[in-house]
Amino acid sequence: MAHRYVCAFAAVILLGASVAAQQSASAPATVDARRTADGHPDLSGIWAFSIALPGGALKKVENGSVSYAQVDLSGRMPAKTPVPGALPFTAAPSYKPELQSKVKYLLDHEAKLDKAFFCGKPGVPRIGSPRQIIQLPNEMIFLYEDASGDPYRIIYTDGRPHRADADPTYYGDSIGHWEGNTLVVDSTNFVEDTWFGEGGYFHTPTMHVIERFWKVGDNLAYQITVDDPNVLTEPWTQAPRIVKPSTEPLEESPVCIEDDAHRMDNLDHHLQR
Amino acid sequence: MRYRISSALVACAMLVAAGSAWAHHSPSSIFDMTKKFTLTGTLTEVEWVNPHIAVYIDAKKDGGGVENWKFESAPPSWLRRVGVNSADFRKAIGQTVTVEGNRAKDGSTYGFLQKITFADGNSLEMVSPQLADTH
């Protein structure tokens, strides 16, 4: 039963990706009129929570009154319609033939092997788009909410190169620059114990991630490209996401305590990140 | 312990399982999602933690005495975004509550909470998004 739901979920993603791939590459960008003093599009603000959450709804009965609520998960999913300015993309990365069995093994055993499922840091790019962006003249500050903690990233846009002396980290060393109306964030120097996507997408320390951010109307468009020549046959560009503005202030995430692994009697799981 | 199994609720349980795409494991890997049961007892503790909250309930055993049950539920970040915070649970500590859910397949006093009804008659229930869309 669980696998059936996983398959249905994956089919929706692939269908959306396919439609978008056919229509998005050459569409003109719609640019938000807001710009900062230095002329760049203003990406600052609070954006919708874009970590996967339950797809269910909550029925609340209070003093005899019944209400329903559910969470808008659109910022985590591939955009359902073509995104102006998006790069061509594919549904999945292309691993070297000799490594494809390892990817399948990791996927099949994801419920127990994926560290992000056990309070581990998702890292870049799996953390997704930031919850809040603070845009300064020579740097961008990204703030996130995540079960593993609430990471931040400081991305300098003053033209400096990557640091040469930094230790590898989960979120890497990031520098940014503007290509027209798009902020391009270039990240390297990662630890290798993260996956760059659910599905057993392992990598080596040579992973190189490029994130692109631009405005589409009032929304934030977000698209990643991952390269790791040690494991991939070519760079992988993922389907773009459209993240809506939010008025929910950031909150500190409660501590993460995983207590389920010893109880599992099978490896069924659902897609998460 | 007083619990009953209702086959009429099986379909509902499966719908909720389908909606639990957040889970790093399927609920069915731990809980018997084919059987739903109801348990009434005293709410003793609320753990507002990731990756999912937990509530503890003291319930009377059939043969006498009391046993403490643990029920896990949704992630706190999900609950916050559907308008529920930790105080909504903690205000009921020490009071009688009734939960509906699924018991762990290992037979322990561990369950998957799908609905909790508080002493004042108010309740919180995880349902399918399809059900919410029709209201």
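This report describes the confidence, chain A, the nonpolar core and the strands of chain B in a predicted model.

## Basis and confidence

Residues are numbered from 1 along each chain as its sequence is written, and chains are lettered from A, with ligands numbered from 1, in the order in which they are written. Since this is a predicted model, local features need pLDDT of at least 70 and side-chain atom pairs count only at pLDDT 80 or more, whereas totals for chains, interfaces and linings use all residues.

The model scores ipTM 0.84 and pTM 0.83. For chain B the mean pLDDT (the predictor's confidence in each residue, from 0 to 100) is 83, and 81% of the residues of this chain reach 70 or more. Over residues 1–23 of chain B, however, pLDDT stays under 50, and the model has 58 contacts beyond four places in sequence for this stretch; a contact means that the C-beta atoms of two residues, placed from the backbone, lie within 7 Å. Where pLDDT is low, the predicted coordinates should not be read in detail.

## Chain A

Chain A comes to 3 helices and 12 strands, these being DSSP runs numbered from the N terminus (helices H or I, at least four residues; strands E, at least two). Of its 273 residues, 38% count as buried, that is, with 20 or more other C-beta atoms within 10 Å of their own, while 12 or fewer make a residue exposed and values in between make it partly exposed, with C-beta atoms placed from the backbone. Among contacts in chain A between residues at least 6 apart in sequence, 64% join residues at least 24 apart.

D108(A) lies in helix α2 (residues 100–108) of chain A, and it counts as exposed because it has 12 C-beta neighbours inside 10 Å.

## The nonpolar core

The largest nonpolar core (buried Ala, Val, Leu, Ile, Met, Phe, Trp, Tyr and Cys residues joined through C-beta atoms within 7 Å) has 73 residues, and those with the most contacts inside it include F213(A), L220(A), I57(B) and F71(B). Strand β10 (residues 219–227) of chain A gives the most to this core, with 5 residues. Beyond its neighbours within four places in sequence, L220(A) is in contact with residues including L43(A), W47(A), F213(A) and V243(A).

## Paired strands in chain B

Strands pair if DSSP finds at least two bridges between them. In chain B, β4 (residues 96–103) runs antiparallel to β1 (residues 37–47), joined by 6 bridges, with G41(B) opposite V97(B).

β4(B) is also joined by 6 bridges to the antiparallel strand β5 (residues 110–117) of chain B, where F112(B) is the bridge partner of N102(B). β4(B) and β5(B) form a hairpin with 6 residues between them, and G107(B) in the turn has a positive phi of about 80 degrees.
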